[in-house]
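Hi,

Here is the structure I promised to pass on. Have a look at it first, and then read my notes below.

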Amino acid sequence: MTDHRPPLYDVHVSLGAKFGGFGGWSMPLEYAGGGVLAEHAAVRQGVGLFDVSHLGKLLVSGPGTVAYLNTRLANDLGRIGSGQAQYTLLCNDTGGVVDDLIAYRFSDDRVLLVPNAANTASVAGILCNGLPDGITITNQHEDYVVLAVQGPASGNVMAALGFPDAMDYMAFEVAEFGGQTLTVCRTGYTGEHGYELVAPNAVAEPLWAAILSAGQPSGIRACGLGARDTLRTEMGYPLHGQDITPAINPVEAGLGWAVGWAKPSFDGADVLRRIKEDGPQRRLRGIKAKARGIPRAGMTVVEEGGAALGEVTSGTFSPTLRTGIGLALVSASAGDSVGVQIRQTVELFDVVKLPFVDSHVR
């Protein structure tokens, strides 16, 4: 069900966008005159502009905000300071991932959380349960746009606009545009050098236009969420609802680095510590086709002899590698080669270390 349209919906229509549903939002999949392959290449080689305004925005504020969130979220907010962002997780009492999100620490008393679209209300509800007096959670989901400028030429675009461009990865600063304050973040979901801009809806259209204009010398393209998916899959970045879910925990998913194991407590801490100590029964692994097979989510993964090992959670044709790649949740005993049941044929895949392509985020 797609009840929500982003503020830039009419702009996307004018660019010939093909739309799809994402967490209740109607968002661009790809644009006329380009398509997923051209948009993917623009990000890997130059620069692309994405509208990801379907992402949630929860402002948590009040005395002791960071201290409170640090008792709930898995990663350790004490590892970062003001003006820095952190990838983190909200887990349930069985250790499963309710959502993965980015926390932007403005101060000890103000944090912006950016969860996935479909999980925004759930995350807010869970964090409101036990919320200390004086701390408030404000759902700003529909008040701001989020625009992602991604690719090796993205810094040139930021500099041309007069925005901060020399920040470290996972840092952020505020800037002014059209009389409004926006947040410029050195974050992204593509594996390339990039920025995400959180801006009030009032400047959405002129900001989009200004970015496209500033990026013309670099061959900028408007990019849809189809290319965003192929880009993130090449990096092995998990997608909530597929690669991580309330039934898949961070240890299985290879996200133990996003858990503050030394913290006294966080949601799901005790069970996650037991899973880590005992070792997971299954793991999220990268798979790369030995021949022409293209894996898709839900396909069964088998041993070369035929016994079931698990299933593909994400799969696609890699525009960079020109072959089929995917993420698969399989038995921890899986070897270096597996089969994937693709229609009536078992296609062979190498089990490989992630990411599939080199990261350039820093």
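What share of the contacts in the chain with a separation of 6 or more comes from residues 24 or more positions apart? Those residues account for 66% of them, where contact means heavy atoms within 4.5 Å.

Before the rest, the small print. This is a predicted model, so local features need pLDDT of at least 70 and side-chain atom pairs count only at pLDDT 80 or more, while totals for chains, interfaces and linings use all residues. Residues are numbered from 1 along each chain as its sequence is written, and side-chain values use heavy atoms, with hydrogens and water left out.

Overall picture

The chain has eight helices and 19 strands; these are DSSP runs numbered from the N terminus, helices being H or I with at least four residues and strands E with at least two. The C-alpha atoms fill a box of roughly 65 × 50 × 40 Å along the principal axes. The radius of gyration is 20 Å, which agrees with the value near 21 Å that a compact globule of 362 residues would have (taken over C-alpha atoms; the globule rule is 2.2 Å times the number of residues to the power 0.38). Of the 362 residues, 57% are buried. For the record, buried means under 20% relative accessible area, exposed over 50%, and partly exposed in between, with a 1.4 Å probe and protein chains only.

The cores

The largest nonpolar core has 46 residues, and Phe50, Val52, Tyr87, Leu89, Tyr104 and Leu272 have the most contacts inside it. A core here is a set of buried Ala, Val, Leu, Ile, Met, Phe, Trp, Tyr and Cys residues joined through side-chain atoms within 4.5 Å. Among the elements that each supply at least two residues of this core are strands S5 (84-91) and S6 (97-107), and helices H7 (225-235) and H8 (269-278). Apart from it lies another core, of 32 residues, with Val157, Leu182, Leu207 and Ile211 among them. Back in the largest core, leucine 272 touches Cys91, Gly95, Asn249, Pro250, Val251, Trp261 and Phe266, leaving aside its neighbours within four places in sequence.

H7 and the salt bridges

H7 is mostly covered, with 10 of its 11 residues buried. Charged residues are on that list too, including Arg228, Arg232 and Glu234. Just after the helix, glycine 236 takes a positive phi of about 75 degrees.

The model has eight salt bridges, counted when a side-chain nitrogen of Lys or Arg is within 4 Å of a carboxyl oxygen of Asp or Glu. Three are worth a look on screen:

- Arginine 232 in H7 pairs with aspartate 243, at 2.9 Å from N to O. Aspartate 243 sits in the loop between H7 and H8, 11 residues from its partner. Aspartate 243 is buried at 0% relative accessibility, and arginine 232 is buried at 1%.
- Arginine 72 bridges to aspartate 267, with the closest N and O atoms 2.8 Å apart. This pair links parts of the chain 195 residues apart: the loop between helix H3 (65-69) and S5, and the loop between H7 and H8. Both ends are buried, arginine 72 at 13% and aspartate 267 at 17%.
- Glutamate 252 meets arginine 282 at 2.8 Å, N to O. Glutamate 252 lies in the loop between H7 and H8 and arginine 282 in strand S14 (282-289), so the pair ties together parts 30 residues apart in sequence. Glutamate 252 is buried at 9%, whereas arginine 282 is partly exposed at 29%.

Salt bridges with shared partners also join Arg44, Glu192 and Glu234 into one network.

A buried charge without a partner

Glutamate 39, in helix H2 (36-45), is buried yet has no salt bridge: the nearest side chain of opposite charge, arginine 221, is 5.9 Å away. (Lys and Arg count as positive, Asp and Glu as negative; His and the chain ends are not counted.) What does lie close to a polar atom of the glutamate 39 side chain? The backbone nitrogen of tyrosine 31, 2.8 Å away. Among its other contacts are Leu29, Gly34, Cys223 and Ala227.

One last residue

Valine 203 is in the loop between strand S12 (194-200) and helix H6 (204-214) and is buried at 5% relative accessible area. Beyond its neighbours within four places in sequence, valine 203 is in contact with Phe177, Gly178 and Gln180.

Cheers

How values were computed:
Lys, Arg positive; Asp, Glu negative; His and termini not counted. Polar contact = N/O pair within 3.5 Å; in protein donor to acceptor, adjacent residues only side chain to side chain.
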